[in-house]
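Let's take a walk through a protein together, stopping at a few places along the way. Have the sequence and the 3D view ready.

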Amino acid sequence: MDSAEDIEAARKVYFGFYNPMDNWTWNISWFSDPVFLGHYPKEGLEKFKEYLPEITEADMQLIHQPLDFMGQNIYNGYYVRQGADGEPEFVDREPGFPKTACNWPVTPKAFYYGIKFLTERYPLPLYITENGMSCHDNVSFDGRVHDNDRITFLDNFEWSEGYRERFGMIYVDFMTQRRIVKDSAFWYQDVIGTNGGNLSMNQTTKEILFLDPVCTHNIWGGTRLREDFHYPAEGDDLGECWGISAHPNGDGTLRDCGFRGMKLSELWKKHPEVFGNVDSDRFPLLIKIIDAKDDLSIQVHPDDDYAKVHENGSLGKTECWYILDCKENATIVIGHNATTKEELSRMIHEGKWSEFIREIPIKKGDFLQIDPGTVHAIKGGTLILETQQNSDITYRVYDYDRLSNGKPRELHIDKSIDVITVPAKSAADSVKSVADLPVNTLNELYACKYFHIYKIDVSGKMTFEQNAPFMNMTVTDGNGIVNGQPVKKGDHFILPNGFGTVELQGDMQIIASTI
């Protein structure tokens with residue numbers, strides 16, 4: 001995203017005198033300051049002093065008259081940032097940047113910042129008196145002119161180059177004078193009919209929102225997040241990839257979309273329409289991939305009510321696990337063997353861990369729901385995808401007496417005893433296999449008041465409708481294409497509100513979630 005320093009550098013250039021002398025007429029402040037502010041800019045007076053006549057107060061009274069509005073032509077711009085010396089620095093355009101048919105660059109940010117800078121300096125109603133582009137219009141095989149680039153840009157009537165460049169919404173065959181109404185004309189018909197409702201500025205983005213994840217170092221972590229998923233993180237203790245997260249401890253960054261560089265938490269606050277205007281003070285879910293080289297601590301999570309009171313207003317932590325991989329004859333800790341709270345407390349305080357802890361067998365493709373109050377722990381050699389509430393509240397009951405930086409890690413015995421559910425849910429109700437579900441189907445794995453979880457095994461092509469407020473998606477294996485966007489194992493992305501038809505192609509597995 002543009003930094004405050006870069007924006008200030010652009011403003012300085014916009015109203016400054018950085019153009020060479022032979023291009024002096026392309027200057028906003030030299031012509032607009034006298035009219036709207038009643039004086040010439042000092043920088044210009046200094047730069048042009050040897051060419052200027054005497055400018056009197058009478059001159060300024062004549063020039064500076066009350067006006068009703070400002071009119072401005074805006075077509076394109078150039079990129080500026082703050083240089084290392086604090087001065088503005090001009091930036092080259094990226095390779096392959098879009099251009100109009102007359103080779104003018106397409107720079108939509110110029111329209112935003114041009115209007116912003118002008119209205120800040122000249123507080124009058126502003127009318128854009130010219131804006132448009134020429135296109136390489138062609139009559140297609142169906143006899144239509146499909147000018148989507150013009151729709152995206154928005155066009156005008158060109159008074160100067162109208163017979164050399166292709167402007168406007170009606171195609172003219174100059175040899176026969178035949179007219180063809182372009183797609184942009186029908187689009188503009190809808191603009192009028194909807195009073196601007198179909199303009200992109202009034203609609204939710206339909207872009208796929210890709211995220212750069214955040215990887216964490218953990219005492220029990222391994223190397224598979226780097227070796228299997230190719231996340232750019234060093235170390236042999238990579239425990240978690242926070243793939244879709246707006247939590248302060250791992251706030252993901254948007255990439256490859258119009259919100260590039262923005263944090264997910266910031267997008268949630270500034271553009272709630274992207275997520276269906278959900279009534280929540282924070283992005284509600286958190287998606288992780290966890291590589292447990294060693295056993296995780298025996299732990300439990302509180303519910304919303306307990307966390308609100310005891311954890312400074314945090315959410316509780318309901319979560320679920322999809323087993324991506326595990327050892328042969330692997331087990332996982334789910335539940336406990338205490339039958340009463342008194343027995344629970346005695347087992348914990350006396351360290352009767354072999355009596356207390358319940359392990360159940362698991363295999364690749366299993367699914368487990370972890371409700372608040374459930375004692376649980378991932379065993380070493382297990383790789384999982386975790387979907388959970390947006391919370392990082394974990395109470396450790398037992399940590400195998402391991403040391404971190406030479407000291408035992410903190411335990412939370414009293415809080416754990418407070419929240420552990422007694423008796424525990426049965427082992428048979430704790431795990432189910434979802435390895436062999438129908439392919440090319442949106443298979444629902446679980447639904448509760450916090451989330452809906454789906455598994456998609458794509459083989460060839462499939463489609464479905466994204467009608468939820470938003471949908472999180474993680475490619476857990478293989479690769480393919482989602483609505484024209486190539487994706488691969490380890491990619492995390494969000495399909496925004498109103499996305500509509502989702503077109504999947506390839507050979508891949510996806511775990512998806514929504515609220």
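Our first stop is a helix, and in this predicted model the residues Ile28, Ser29, Trp30, Ser32, Asp33, Pro34 and Phe36 of α2 are buried. That makes seven of the ten residues in α2, which spans residues 28-37, so the helix is largely enclosed by the rest of the structure. What do the buried residues of α2 pack against? Their partners are the helices α1 (4-15), α3 (42-47), α4 (57-63) and α5 (108-121), along with the strand β1 (70-73).

Now look at the two ends of α2. At the N-terminal end, asparagine 27 acts as a cap, with a side-chain oxygen 3.2 Å from the backbone nitrogen of serine 29. After α2 comes glycine 38, which has a positive phi, near 85°.

Next, travel along the chain to serine 430, in the loop between α13 (413-419) and β24 (431-433). Is serine 430 buried or exposed? Its relative accessibility is 4%, and buried means under 20%, so serine 430 counts as buried. The side chain of serine 430 comes within reach of the backbone oxygen of serine 426, at 2.8 Å. Beyond its neighbours within four places in sequence, serine 430 touches several residues, including Arg358, Phe367 and Lys425.

Finally, let's visit the surface. Here Leu154, Met169, Ile170, Val181, Phe186, Tyr188 and Ile192 make up a nonpolar patch, and together they have about 600 Å² of accessible area. Helix α7 (residues 183-193) contributes the most to this patch, giving three residues. Valine 181 belongs to strand β6 (residues 179-181), and its relative accessibility of 37% means that valine 181 counts as partly exposed.

Definitions and conventions: Residues numbered from 1 in each chain as written. Predicted model: local features only at pLDDT ≥ 70, side-chain atom pairs only at ≥ 80, totals over all residues. Heavy atoms only, no water. Buried < 20%, exposed > 50% of the residue type's maximum accessible area, 1.4 Å probe, protein only. Helix = DSSP H or I, 4+ residues; strand = E, 2+ residues; numbered from the N terminus. Contact = heavy atoms within 4.5 Å. Polar contact = N/O pair within 3.5 Å; in protein donor to acceptor, adjacent residues only side chain to side chain. Patch = residues over 30% accessible without salt bridge, like charges linked within 9 Å, V, L, I, M, F, W, Y side chains within 5 Å. Areas by Shrake-Rupley, 256 points an atom, 1.4 Å probe, with all protein chains shown as cover. Salt bridge = Lys/Arg side-chain N within 4 Å of Asp/Glu carboxyl O.
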